[in-house]
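Work through the exercises below with the sequence and the structure in view. Try each task before you read its solution.

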Amino acid sequence: MSHAFMAEELARIAAAGRTRSLRTIQSAPAPRIRMEGRDVLLLCSNNYLGLADDARLIAAGQAALERYGTSAGGSRLISGNTDLHRGLETDLAQLKGTDDAVLFPSGYQANLAAVAALVGPGDLVLGDRLNHASLIDACRLSRADIQVYDHADAEHAGRLLREHRRQHRRALVVTDGVFSMDGDLAPLRQLGEATAANDALLMVDDAHGTGVLGDGAGTARHLGATGVDIHMGTLSKALASQGGFIAASGQACEYLRNVARPFIFSTALAPASVAVARRAVAIVRDEPERRTRLHANAARLRNGLREAGLPVPAGETPIIPVVIGAEDAAMAFMQRLEAGGVYAAAVRPPTVAAGSCRIRATVMATHTAAQIDHAVAAFKSARRP
Ligand SMILES: *Cc1c(COP(=O)(O)O)cnc(C)c1O
């Protein structure tokens with residue numbers, strides 16, 4: 001078959017100003033990186049606690065490579081399950097305050113796995129309008145009936161549940177804990193009340209909350225929400241490794257180990273990734289001062305940008321969106337920031353809605369106050385072309 005359709009589609013994407021290109025980084029995701037031969041300040045990494053170049057994590061990974069080798073060599077159910085994997089699951093359950101946890105090859109796959117295992121044809125799944133793409137894909141993959149509620153609107157979710165619940169066998173509400181493009185929080189207490197009142201389960205994707213909010217336990221702990229049934233997290237953001245997990249009741253985890261296809265049909269995480277994440281979980285527990293520094297940096301950047309008159313919403317997470325508007329304006333803004341020595345990526349459709357293209361700035365615990373101030377100055381001068 002002809003490949004012409006690809007050229008046509010690429011031309012359409014280019015005409016819309018949405019062609020993606022990869023930036024090449026030649027160093028660890030630390031506050032200062034080497035990118036395409038130039039030293040710049042990194043202001044868009046999810047390495048929130050600054051652990052990705054921590055000597056203790058590197059040593060833990062090296063020790064695991066020496067002892068367990070480079071690959072798990074099989075799925076968890078066949079030959080890929082080491083004591084390290086099980087140990088990390090126990091550590092994650094302790095961090096999240098659940099009975100148990102199950103590892104997956106990535107956060108994306110943890111979402112696909114859990115949603116498709118919990119609901120199917122004849123069931124109902126409700127999601128927030130601004131949910132992460134992996135949750136949206138998970139809902140579609142499940143083949144359950146999908147209802148979308150207005151962003152962070154637990155009242156609307158409750159109404160949809162009352163309207164549709166009875167016609168379905170099982171029901172699930174899924175939401176980001178911290179919304180990845182806006183940095184705001186889901187109303188988890190109210191959603192928990194709605195699911196409890198309507199015989200539904202509540203699942204939270206806490207990719208950006210784990211290790212960051214609620215003493216490291218995440219958004220549910222931060223908000224005092226006790227009605228969350230299924231906690232999803234990733235190892236690839238604050239935990240500075242690779243992989244994903246679900247933390248939940250012992251029964252739910254046992255169920256996932258038996259029915260979740262990404263658990264059954266994918267190779268277990270590489271032992272080095274597992275060992276790195278275990279060391280990171282210990283640091284999340286033992287070094288609250290890293291979170292204190294992270295939140296101080298986020299407040300410093302947020303306040304600095306607001307004082308400079310940039311359109312930054314109030315917030316309590318390290319994700320700070322600066323909404324610019326059109327694609328080309330956001331790209332030009334990013335390029336001017338870069339000329340000022342700061343790399344903060346512009347985010348465009350389909351990741352965010354058309355007309356709400358933005359610079360999505362994120363801070364790390366390891367940024368210095370001087371670096372944050374430099375970033376504010378770069379934003380100020382980038383505003384005037
Ligand atoms: C990053 C992210 C994921 C995917 O996690 P990976 O481990 O990177 O696959 C899922 N949900 C949200 C909200 C995310 O930001």
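**Exercise 1.** Find which polar backbone atom and which polar side-chain atoms make polar contacts with the ligand in this predicted model.

*Solution.* Begin with the backbone, where a polar atom of Tyr108 is 2.9 Å from an oxygen atom of the ligand; a polar contact is a pair of N or O atoms within 3.5 Å, and within protein one atom must be able to donate a hydrogen and the other to accept it, while residues adjacent in sequence count only if both atoms are side-chain atoms. Next take the side chains: a polar atom of Thr234 lies 2.7 Å from a ligand oxygen, and a polar atom of Lys237 lies 2.6 Å from a ligand oxygen. Finally, consider the cover, since the protein covers 86% of the 380 Å² of accessible area that the ligand has on its own (Shrake-Rupley method, 1.4 Å probe; for residues, only the protein chains shown count as cover).

Residues are numbered from 1 along each chain as its sequence is written. Local features need pLDDT of at least 70 and side-chain atom pairs count only at pLDDT 80 or more, whereas totals for chains, interfaces and linings use all residues, and side-chain values use heavy atoms, with hydrogens and water left out.

**Exercise 2.** Determine which helix gives the largest share of the shell around the ligand.

*Solution.* First note that α4 (107-118) and β8 (230-234) each supply at least two shell residues, where helices (H or I, at least four residues) and strands (E, at least two) are DSSP runs numbered from the N terminus. The largest share, three residues, comes from α4.

**Exercise 3.** Decide how the axes of α12 and α14 are oriented to each other.

*Solution.* The axes of α12 (residues 288-307) and α14 (residues 369-382) come within 9 Å and cross at roughly 25 degrees. That makes α12 roughly parallel to α14, because angles under 35 degrees count as roughly parallel, over 145 as roughly antiparallel, 65 to 115 as roughly perpendicular and the rest as oblique. Axes are lines fitted to C-alpha atoms, for helices over the stretch in contact, and angles run from 0 to 180 degrees between N-to-C directions.
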